[in-house]
Amino acid sequence: MSVEPAEIERTAQPEDTAGAAVPAVTTLAAAATTYPIAPGTSVNVRSGPGTGYPVVKVLPAGSRVSINCQSPGTWITGPYGTTNIWDNIASGQYISDAYVQTGSDGYIRPRCS
């Protein structure tokens, strides 16, 4: 399965109070792709890429996540297979890729540094 880059809608540039054009700002966050977690499943979010790290929160069923980067960690079996890939969804927050429908069994984002 291939992932197509997101299209960014371009709009006319706004004007400031003097009538000069103000550049529009486009951020990666605005074009971020989110992925659903397994249906009917709540997922533990951990402080690092593995089950040895503490749970920092729980994502409720129906959640979608953005993946910043991915790291190898503890092997987990979940609805989407067995993997040691952990998805970084925010600073200090990781979930097993076995619970995220990315459409791939491998890395889809750069490795976390």
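**Close-up views of an all-strand protein model**

**View 1. C112 and its disulfide partner.** With a relative accessibility of 19%, C112 counts as buried, because buried here means under 20%. This view, like the others below, shows a predicted model. Which residue is joined to C112 by a disulfide? The partner is C69, and the two sulfur atoms lie 2.0 Å apart. C69 and C112 form the one disulfide that the structure holds. C69 is in strand 5, residues 69-78, whereas C112 is in the segment after strand 7, residues 93-96, so the bond ties together parts that are 43 residues apart in sequence. A disulfide is a covalent bond between the sulfur atoms of two cysteines. The torsion about the S-S bond of C69 and C112 is about 95°, so this disulfide is right-handed. C69 counts as buried as well, at 15% relative accessibility.

**View 2. The whole protein, for orientation.** Here is some context for the close-ups. The protein has zero helices and seven strands, and from the N terminus on its elements read β-β-β-β-β-β-β. Of its 113 residues, 31% are buried. About 7,200 Å² of the protein is exposed, and carbon and sulfur atoms supply 52% of that area. If we take the contacts between residues at least 6 apart in sequence, 44% join residues at least 24 apart.

**View 3. Strand 5 meets strand 6.** Strand 5 and strand 6 make a hairpin, with two residues between them. How do strand 5 and strand 6 pair, and over how many bridges? The pairing is antiparallel and runs over seven bridges. Two places along it are good to look for. C69, the cysteine from the opening view, stands opposite N88 in strand 6. P72 stands opposite I85, also in strand 6. In a regular strand the side chains alternate between the two faces of the sheet.

**View 4. Strand 6 and its other partner.** Is strand 6 mostly covered or mostly uncovered? Strand 6, residues 81-90, is mostly covered, with seven of its 10 residues buried. Strand 6 also pairs with strand 7, again in the antiparallel sense, over four bridges. In that pairing, W86 has S96 of strand 7 as its bridge partner. The hairpin of strand 6 and strand 7 has two residues between the strands, and G92 in this hairpin takes a positive phi near 70°.

**View 5. T83, a buried residue of strand 6.** T83 is part of strand 6. Its relative accessibility is 8%, so T83 counts as buried. What lies 3.0 Å from a polar atom of the T83 side chain? It is the backbone nitrogen of I85. Beyond the neighbours within four places in sequence, T83 is in contact with T74, W75 and I76, and also with S96, D97 and A98.

**View 6. S71 and what surrounds it.** Back in strand 5, we find S71. The relative accessible area of S71 is 9%, so this serine is buried. Which residues does S71 touch, not counting those up to four places away in sequence? They are P49, N84, I85, W86, Y94, Y107 and C112. The last of these, C112, is the cysteine bonded to C69. S71 and P110 are 39 residues apart in sequence, yet their C-alpha atoms are 8.6 Å apart in space.

**View 7. Two nonpolar cores.** The largest nonpolar core has 10 residues in all: Y35, I37, V43, V45, L59, V65, I67, I89, I95 and V100. Another core, of six residues, lies apart from it, and its members include C69, I76, W86 and A98. Some of these names are familiar by now. C69 belongs to the disulfide, W86 is the bridge partner of S96, and I76 and A98 are among the contacts of T83.

**View 8. Y35 within the largest core.** Y35 is a member of the largest nonpolar core. What is Y35 in contact with, leaving aside its neighbours within four places in sequence? The contacts are S63, R64, V65, I67, V100, Q101, T102 and I108. Among them, V65, I67 and V100 are fellow members of the core.

Note on methods:
Residues numbered from 1 in each chain as written. Predicted model: local features only at pLDDT ≥ 70, side-chain atom pairs only at ≥ 80, totals over all residues. Heavy atoms only, no water. Buried < 20%, exposed > 50% of the residue type's maximum accessible area, 1.4 Å probe, protein only. Contact = heavy atoms within 4.5 Å. Areas by Shrake-Rupley, 256 points an atom, 1.4 Å probe, with all protein chains shown as cover. Core = buried A, V, L, I, M, F, W, Y, C linked by side-chain atoms within 4.5 Å. Disulfide = S-S within 2.5 Å. Pairing = 2+ DSSP bridges. Polar contact = N/O pair within 3.5 Å; in protein donor to acceptor, adjacent residues only side chain to side chain.
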